[in-house]
Structure formats: C-alpha cells, structure tokens
Amino acid sequence: MCARYRMVRNPSPTGDKKKQAMHPRVVPYGTIRTNDLIEEAQTRSTMSGADLKGALRVIADVMADRLEQGYIVELEELGFFSVSLASRPVMDKKEIRSESIHFKNVNFRCGKYLKNKLKTMHLERMPEGKGTLPSFDERVRRLTEYLETHHFITCGDYRELAGCSKYRALEDLNQLISEGKLVKNGYRSTRVYSLPSPVND
C-alpha cells in the first residue's frame with residue numbers, strides 16, 4: 001500500500017494575501033493504535049500480545065520516570081525523547097522562580113534506523129476532491145502545531161490547514177473558544193484567533 005499525499009499551501013505567517021509555496025503533506029488513512037501494532041507485532045515475534053503490551057507499559061513508565069528526572073531517553077531503532085518546559089515571559093531570570101516553570105511537552109527526534117527505513121516509502125498523489133475529513137483531534141493537532149510558530153490564525157487559514165468547510169471551521173474554532181483553548185480578536189473580516197495569554201504568577 002502506498003502512502004497518499006496532496007500538495008498544500010501554508011497560510012501566510014504575516015497574515016497578508018501573498019501566496020506561499022506549496023509542499024507535499026501525507027493524507028492519513030487513519031490512526032493505528034497500540035492494539036493494532038501489537039496484533040501485527042505478534043506475527044513477527046515469539047512473544048504473546050499480553051507480553052508485548054506489558055513490556056510497552058513498563059518501558060513507558062520507566063521513560064516517564066527518567067524524563068521527569070531531566071534525562072534524554074533514547075529508544076534504539078526509534079529515536080530520542082526529551083522534555084520541553086514553559087513559563088510566563090520574563091526579561092530577566094531573576095523575575096521567575098522554579099515553582100513557576102512547568103512541563104510543556106515531550107519532544108521526539110527520529111533515530112537513524114527508523115529514518116532510513118522510511119526513506120524508501122512509496123507515495124501516490126491523492127486525486128483532487130477526494131479523501132475524508134481529518135478527525136477533530138487531528139484538526140486540533142494541526143492548529144496547535146501552527147500556533148506554536150505563529151501568533152494567530154484566521155478562519156480561512158484554518159480551513160486550508162484542516163481541510164474542512166467554512167461551516168466546520170467556525171464550529172471547531174467556536175468549540176475551542178468555549179473550552180478556553182482559543183481567544184477571538186478583531187472584527188468580521190479582520191477576525192483572528194490565538195492562544196490565550198498565559199496567566200501571570
């Protein structure tokens with residue numbers, strides 16, 4: 001089975017109307033979950049599904065302990081895991097204490113083995129107008145990733161990013177606003193959406 005892709009254009013980082021260059025993006029068939037991986041892994045191993053799932057849980061627990069202690073964790077054949085931190089903006093390190101700094105995310109850097117395995121992947125272009133709407137979680141993931149490097153996003157930008165209609169885009173954005181995950185600024189044609197400002201300690 002070939003991976004599918006489509007050519008997409010990122011929204012302008014400055015919010016102007018100038019078109020950005022296009023680049024290829026994978027169109028997922030869906031999400032493969034732990035049980036799916038374990039079921040397939042059983043056919044390549046002498047271990048039972050229960051053993052594989054138990055081993056995975058133990059590794060995840062040990063990884064969490066080591067990451068919490070500040071280590072970088074390398075899983076051979078897969079890659080490197082590390083923790084990123086967040087705090088309110090400060091101009092001087094004396095303006096903030098350790099209690100005000102907290103966990104933000106786990107970063108992953110692909111290892112050489114996995115990267116080499118994927119270099120020979122086969123691709124086919126998704127015909128225009130075909131394909132299913134990404135799940136809400138996937139749409140939110142794309143939005144979150146975009147807002148990590150941009151100050152705001154418009155409804156039109158979000159539609160292109162998420163591959164959905166204007167109605168669905170507004171539904172998503174309004175839901176995220178009601179959940180306190182986004183804030184709305186501006187008026188009508190100049191309306192933009194951004195992450196909430198961090199609460200000062």
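Two strands count as a pair if DSSP finds at least two bridges between them. In this predicted model, strands E3 and E4 pass that test, with 3 bridges joining them, and they run antiparallel. One of the partnerships here is that of Leu 75 with Gly 79 in E4.

Between E3 and E4 sits a hairpin with 3 residues between the strands. Glu 77 has its place in that loop. What is the sign of the phi angle at Glu 77? The angle is positive, about 75°, although Glu 77 is not a glycine. As for its surroundings, Glu 77 has a relative accessibility of 44%, so it counts as partly exposed; the class applies because the value falls between the 20% limit for buried and the 50% limit for exposed.

The next pairing along is that of E4 with E5, which is again described as antiparallel and runs over 8 bridges. Ala 86 stands opposite His 102 in E5. Put together, 3 strands make up an open sheet, in the order E3-E4-E5, with antiparallel pairing. Which strands lie at the edges? They are E3 and E5, as each of them pairs on one side only. Going from one strand to the next, the twist averages 25°. As general background, the strands of a sheet pair through backbone hydrogen bonds, and they can do so in a parallel or an antiparallel way.

Now for the rings. How many aromatic pairs does a search of the whole structure find? The search turns up 1. The pair is made by Phe 81 and Phe 108, whose ring centres are 5.0 Å apart and whose planes meet at 50°, so the pair is tilted. That label follows because planes under 30 degrees apart would count as stacked and those over 60 as edge-to-face. The pair links distant parts of the chain: Phe 81 belongs to strand E4 (residues 79-86) and Phe 108 to strand E5 (residues 102-110), 27 residues apart. Are the two partners buried or exposed? Phe 81 has a relative accessible area of 18%, so it is buried, whereas Phe 108, at 45%, counts as partly exposed.

Charged side chains also turn up over ring faces. Arg 109 lies over the face of Phe 80, at 4.4 Å from the ring centre. Arg 66 is placed over the face of Tyr 71, with 5.3 Å to the ring centre.

Away from the sheet, there is a charged residue to look at in helix H4 (residues 136-147), namely Glu 138. Its relative accessible area is 18%, so Glu 138 is buried. Which side chain does the side chain of Glu 138 contact? The partner is the side chain of Arg 142, in a polar contact of 2.9 Å.

Finally, how confident is the predictor? The protein chain averages a pLDDT of 86, and 90% of the residues score at least 70. Confidence in the protein chain is lowest in strand E1 (residues 3-9), with a mean of 82, and highest in strand E3 (residues 73-75), at 96.

Conventions
Residues are numbered from 1 along each chain as its sequence is written. This is a predicted model: local features need pLDDT of at least 70, side-chain atom pairs count only at pLDDT 80 or more; totals for chains, interfaces and linings use all residues. Side-chain values use heavy atoms; hydrogens and water are left out. Rings of Phe, Tyr and Trp (its six-membered ring) pair if their centres lie within 6.5 Å; planes under 30 degrees apart count as stacked, over 60 as edge-to-face and the rest as tilted. Helices (H or I, at least four residues) and strands (E, at least two) are DSSP runs, numbered from the N terminus. Buried means under 20% relative accessible area, exposed over 50%, partly exposed in between (1.4 Å probe, protein chains only). A charge sits over a ring if NZ of Lys or CZ of Arg is within 6 Å of the ring centre and within 35 degrees of the ring normal. A polar contact is a pair of N or O atoms within 3.5 Å; within protein, one must be able to donate a hydrogen and the other to accept it, and residues adjacent in sequence count only if both atoms are side-chain atoms. pLDDT is the predictor's confidence in each residue, from 0 to 100. Axes are lines fitted to C-alpha atoms, for helices over the stretch in contact, and angles run from 0 to 180 degrees between N-to-C directions.
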